[in-house]
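Visitor: I'd like a close look at the nonpolar core, please. Take me through it slowly, and tell me how far to trust what I see.

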Amino acid sequence: MNQIEELRQQIEKEFGIDNLRERSRYNDIVNARMVYSYILRGLGYSLTQIGKSLGKHHATIINYLNNMEGYLHTDPSLRKKFDKVSSVFLGGESLINNDELTID
């Protein structure tokens with residue numbers, strides 16, 4: 001199993017969704033796609049590679065990436081899921097400086 005598929009399965013499990021590629025704008029699915037995109041980008045995948053893996057245009061991926069840190073600041077539930085997937089998938093390495101992101 002390749003790295004992209006492994007991450008997809010981990011995200012789907014954590015967010016309780018059946019298919020990350022599903023054509024839907026439900027909040028849980030969009031949040032799952034944002035986390036997926038953010039982690040893959042942090043691992044060095046191109047916008048095009050990430051977009052193809054989701055069946056999305058690279059511009060959508062740019063939008064996800066631009067909004068991710070803001071959502072992590074304001075949504076404790078999303079932050080918790082992001083931290084869990086990051087720690088499981090990346091072995092405890094964080095893609096975000098935790099000193100900058102605090103949720104009150």
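Guide: Gladly! In the protein chain, residues 24 or more positions apart account for 58% of the contacts with a separation of 6 or more, where a contact means heavy atoms within 4.5 Å. Do keep in mind that this is a predicted model, in which local features need pLDDT of at least 70, side-chain atom pairs count only at pLDDT 80 or more, and totals for chains, interfaces and linings use all residues. Residues are numbered from 1 along each chain as its sequence is written, and side-chain values use heavy atoms, with hydrogens and water left out.

The chain runs α-α-α-α-α along its sequence, with 5 helices and 0 strands. Helices here are DSSP runs of H or I with at least four residues, strands are E runs of at least two, and both are numbered from the N terminus. Of the 104 residues, 41% count as buried; buried means under 20% relative accessible area, exposed means over 50%, and partly exposed lies in between (1.4 Å probe, protein chains only).

Now to the core itself. A nonpolar core is a set of buried Ala, Val, Leu, Ile, Met, Phe, Trp, Tyr and Cys residues joined through side-chain atoms within 4.5 Å. The largest one has 28 residues, and L7, I11, V35, Y36 and I39 touch the most other members. Two or more residues come from each of helix 1 (3–15), helix 2 (27–42), helix 3 (47–54), helix 4 (58–74) and helix 5 (76–90). Helix 2 contributes the most, with 8 residues. To follow one of these side chains, try I11: leaving aside residues up to four places away in sequence, I11 touches L20, A32, V35, Y36 and V85.

Next, look for the aromatic pair; the structure holds 1. Rings of Phe, Tyr and Trp (its six-membered ring) pair if their centres lie within 6.5 Å, and planes under 30 degrees apart count as stacked, over 60 as edge-to-face and the rest as tilted. The ring centres of Y38 and F82 are 5.9 Å apart and the planes meet at 75°, so this pair is edge-to-face. It joins helix 2, home of Y38, to helix 5, home of F82, across 44 residues. Y38 is buried at 12% relative accessible area, and F82 is buried at 1%.

Helix 4 is worth a turn of the model too. It is kinked by about 40°, centred on M68; the bend at a residue is the angle between axes fitted to the seven residues ending there and the seven starting there. M68 is also one of its buried residues, together with I61, Y64, L65 and L72. These buried residues pack against helix 2, helix 3 and helix 5. By contrast, N67 of helix 4 is partly exposed, at 30%.

One polar side chain to check is S53 in helix 3, which is buried at 9% relative accessibility. Beyond four places in sequence, S53 touches I4, R8, R21, Y36 and L40.

As for trust, pLDDT is the predictor's confidence in each residue, from 0 to 100. The chain averages 86, with 86% of its residues at 70 or more. Among the elements, helix 3 has the highest mean (96) and helix 5 the lowest (88). Over residues 97–104 pLDDT stays under 50, and the model has 13 contacts beyond four places in sequence for them.
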